[in-house]
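Please open the structure in your viewer and keep the selection panel at hand. The stops below go from the whole chain to pairs of helices and then to a single side chain.

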Amino acid sequence: MKDRLRELVERAVPSGSVIQRTVKSGIWVTATKMAVRLSQILMLIVLARLLDPRAFGLMGIALLVLSGIRRFTNIGINAALIQDEQENVDEYLNTTWCLEAARGFLIFGVLAVAAPFIAGIFDEPSATPLIRVLALSPLLYGLRNPAVVYFQKDLSFHKDFVFKSSGSVVQFVVGVGYALYSPTVWALVFATVSKSFFKLFLSYVLHDYRPWPTFEVAAARRLIDYGKWITGASIIGFIYSEGDDAFVGWFLTATSLGFYQYAYRIADMPASEAAGIISEITFPAYSRLQGDLDELRGALLQTTRLTAFIAFPLSFGIAAVAPSFVPAILGDEWRPMITAMQILAMYGLLHAITRNFGAIWKALDRPDFIVKTGLVRVACIAALIWPATARWGIEGTALVVVGVYVFPMLPLDVYLSARMVEARQRRLYAEYLYPFVAASVMFGTLWYVASATTLTPLVEFLVLVPSGAVVYFAVAFLLERQFDWGIERNLRMISDGIRG
């Protein structure tokens with residue numbers, strides 16, 4: 001069985017130059033990951049119909065705890081191995097396995113003991129067993145085959161996303177299957193743990209390397225020295241990306257947290273996941289180009305253009321269809337999240353169009369920028385989140401998260417990225433202009449159609465989605481012809497890369 005599965009995966013191996021392999025891998029990754037995200041969105045929709053918002057809130061508390069302790073113990077080993085200019089990093093893998101396994105056991109032990117106290121902070125004692133069972137996930141993660149790092153380092157994304165997507169498919173089957181049998185929060189818990197277990201098994205199927213418990217201090221010191229900034233970035237990232245969730249769960253209620261997290265997931269997922277695909281591909285590619293600044297600058301501008309082309313219509317579209325999507329697809333009990341979802345769609349946009357910058361910073365050995373900019377973001381959010389949430393509820397929280405991203409974070413991210421590749425800031429901002437115009441026309445058109453008709457939510461949703469796609473691509477085509485936007489050349493390059 002293992003040999004057969006490996007043979008099927010190897011058939012999709014990208015070949016050619018670094019650029020050609022990056023393009024081929026990108027297309028392969030996009031097709032696979034979009035299918036994965038479609039299954040996850042479908043799972044969220046099905047479970048929203050079967051479970052109540054409070055169940056998602058309780059699960060949200062447990063996942064916040066799990067995510068927090070993972071982030072605080074992330075020592076950035078994978079990023080260090082990918083960034084290393086050596087193609088073969090086998091000498092580090094046994095030490096990597098020992099470090100990750102020790103981290104997994106540590107997290108499991110801490111959560112097993114501290115679960116009642118953590119649940120008490122949120123005044124939700126029923127979250128205690130959820131936290132304890134979910135603690136199995138980092139334990140299973142720590143025992144996986146460390147050689148999976150080669151999937152990204154070697155641009156072997158055909159393996160990387162078979163590895164990742166298969167776990168998501170298992171998560172969908174287990175989550176929906178259990179919810180149909182017993183519609184409780186445990187459907188979400190078992191779905192998460194089953195995904196981790198399957199990925200542990202698959203990591204040893206897809207790569208022949210077998211780790212052995214040997215530890216080298218010099219290797220560990222080398223990994224941790226680079227990874228310390230990744231650790232800092234991970235901690236700061238948790239505070240600014242999930243600190244708002246923790247605050248809502250503590251300051252308001254588990255039900256409010258369920259609304260807020262669901263709005264966040266749906267609003268942020270399409271655009272940021274598309275950008276995430278590009279970011280994951282470009283980090284190892286950027287690392288290989290770090291010695292050629294001209295090539296690196298051109299790659300950054302092209303990926304920024306492509307990311308913006310995808311992210312703007314997705315985010316503007318979510319904001320436009322949210323009033324019909326929520327009651328039609330999720331159900332009337334989820335209506336309180338509509339406004340927050342529309343606001344957070346702009347967060348999804350900003351998150352997407354700046355996500356690629358972190359890959360540049362890491363590739364050029366400046367992961368400290370992620371930490372330092374994160375500290376600025378955390379300070380701004382901390383100063384504003386309490387009064388805004390107290391006055392406007394989850395909508396106030398969403399406004400703070402988006403507002404801080406608009407200023408000062410976006411200008412700061414653009415400034416640092418432009419400086420790193422010796423480009424003018426306006427060249428990066430220019431890549432946002434055309435997709436912003438096309439998406440704005442699309443949004444205005446959809447808003448007019450929605451306000452001028454009296455359709456049921458489901459029919460309105462089914463009308464707005466294809467209409468928005470037609471309007472956006474029509475305006476984009478006109479802008480390309482009139483102003484030589486450049487997106488057509490990008491798409492042609494991708495097409496040539498696939499065939500080359």
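How many helices and how many strands does the protein chain have? With the whole chain in cartoon view, you are looking at a predicted model, and the protein chain in it has 19 helices and zero strands.

**The whole chain**

Switch on the surface before selecting anything smaller: the accessible surface of the protein chain comes to about 21,000 Å², and 66% of that area belongs to carbon and sulfur atoms. Of the 500 residues in the protein chain, 58% are buried. If you display contacts with a separation of 6 or more, 82% of them join residues that lie 24 or more positions apart.

**Helix α13 with helix α18**

Next, select residues 293–330, which form helix α13, together with residues 457–483, which form helix α18; their axes come within 8 Å and cross at roughly 165°. Because an angle over 145 degrees counts as roughly antiparallel, α13 and α18 are described as roughly antiparallel to each other. The crossing of α13 past α18 is right-handed.

Now show the side chains at this contact. From α13, the residues to display include Ala308, Phe309, Pro313, Val321 and Phe325, while on the α18 side they include Leu458, Phe461, Leu464, Tyr472 and Phe473. Sorted by class, the residues of this contact between α13 and α18 comprise 17 nonpolar, one polar and one charged.

**Helix α13 with helix α17**

Keep α13 selected and add residues 425–452, helix α17. How do α13 and α17 run relative to each other, roughly parallel or roughly antiparallel? The axes of α13 and α17 come within 9 Å and cross at roughly 20°, and since angles under 35 degrees count as roughly parallel, α13 and α17 are roughly parallel to each other. The crossing of α13 and α17 is right-handed, and the contact of these two helices has 17 nonpolar, three polar and four charged residues.

**Cys380**

For the last stop, select residues 368–392, helix α15, and pick out Cys380 within that helix. Is Cys380 buried or partly exposed? Its relative accessible area is 23%, and because buried means under 20%, Cys380 is classed as partly exposed.

With Cys380 centred, leave aside residues up to four places away in sequence, and you will find that Cys380 touches Val404 and Pro408. Finally, draw a C-alpha to C-alpha distance from Cys380 to Val400: these two residues are 20 residues apart in sequence and 8.7 Å apart in space.

Technical notes. Residues are numbered from 1 along each chain as its sequence is written. This is a predicted model: local features need pLDDT of at least 70, side-chain atom pairs count only at pLDDT 80 or more; totals for chains, interfaces and linings use all residues. Side-chain values use heavy atoms; hydrogens and water are left out. Axes are lines fitted to C-alpha atoms, for helices over the stretch in contact, and angles run from 0 to 180 degrees between N-to-C directions. Helices (H or I, at least four residues) and strands (E, at least two) are DSSP runs, numbered from the N terminus. Angles under 35 degrees count as roughly parallel, over 145 as roughly antiparallel, 65 to 115 as roughly perpendicular and the rest as oblique. A crossing is left-handed if the near helix is turned anticlockwise from the far one by less than a right angle, and right-handed if clockwise. Contact means heavy atoms within 4.5 Å. Ala, Val, Leu, Ile, Met, Phe, Trp, Tyr, Cys and Pro count as nonpolar, Asp, Glu, Lys and Arg as charged, and the others, Gly among them, as polar. Buried means under 20% relative accessible area, exposed over 50%, partly exposed in between (1.4 Å probe, protein chains only). Accessible areas come from the Shrake-Rupley method with a 1.4 Å probe; for residues, only the protein chains shown count as cover.
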